Amino acid sequence: MKKKTILALIISILLIPNLPFINKYIAHRLDEGHFTYANLDGSYVITQDFSFKSPGFSTFGFNEFIKETSPAKENRKLYRLYKINPLCFWRWKNYLVNSIHFEYME
């Protein structure tokens with residue numbers, strides 16, 4: 001019985017912060033300005049916004065940037081500028097939804 005209680009506690013600690021409305025609140029408080037993306041030469045930089053009226057992360061702006069400026073081929077790829085830290089369990093949803101699609105660049 002004690003093992004089940006401990007297991008339920010661990011699961012709830014990992015699951016509850018990743019629920020959509022709770023996750024956005026935590027990210028807004030702790031991670032504002034943390035999730036930054038840029039192309040290779042840094043001519044396009046975007047920081048993910050976690051405000052409550054924010055629609056979520058999208059690459060639409062980057063695609064429009066490519067259409068308008070026609071950068072060199074190597075600058076047509078978006079990179080994430082932050083490392084993935086699996087110990088920050090409240091970020092897992094963002095890692096699995098957005099970060100997995102972008103390579104890391106220092």
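**Notes on a predicted model**

1. Strand 1, residues 36-38, pairs with strand 2 through three bridges, in the antiparallel sense. One facing pair is Thr 36 and Thr 47, the latter in strand 2. Keep in mind that this model is predicted.

2. The wider sheet is open and has three strands. Their order is 2-1-3, and the pairing is antiparallel. Strand 2 (45-47) and strand 3 (79-80) are the edges. Each has a single partner strand, so one side of each lacks a neighbour in the sheet. As background, strands of a sheet pair through backbone hydrogen bonds, either parallel or antiparallel.

3. Now helix 3, residues 60-69. Which of its residues are buried? They are Phe 62, Phe 65 and Ile 66. Seen down the axis of helix 3, these buried residues fall within an arc of 100°, so they line one face of the helix. The general rule helps here: an α-helix has 3.6 residues a turn, so residues three or four places apart point the same way.

4. The other side of helix 3 has exposed residues: Phe 60, Lys 67 and Glu 68. Just after the helix comes Ser 70, with a positive phi of about 50°.

5. Look next at the surface. Ile 6, Leu 9, Ile 10, Ile 13, Leu 14 and Trp 92 make a nonpolar patch of about 510 Å². Helix 1 (residues 2-15) gives the largest share of this patch, five residues.

6. Take Ile 10, which lies in helix 1. Why does Ile 10 count as partly exposed? Its relative accessibility is 44%, and partly exposed covers the range between under 20% (buried) and over 50% (exposed).

Key: Residues numbered from 1 in each chain as written. Predicted model: local features only at pLDDT ≥ 70, side-chain atom pairs only at ≥ 80, totals over all residues. Heavy atoms only, no water. Pairing = 2+ DSSP bridges. Helix = DSSP H or I, 4+ residues; strand = E, 2+ residues; numbered from the N terminus. Buried < 20%, exposed > 50% of the residue type's maximum accessible area, 1.4 Å probe, protein only. Arc of directions from axis to C-beta. Patch = residues over 30% accessible without salt bridge, like charges linked within 9 Å, V, L, I, M, F, W, Y side chains within 5 Å. Areas by Shrake-Rupley, 256 points an atom, 1.4 Å probe, with all protein chains shown as cover. Salt bridge = Lys/Arg side-chain N within 4 Å of Asp/Glu carboxyl O.
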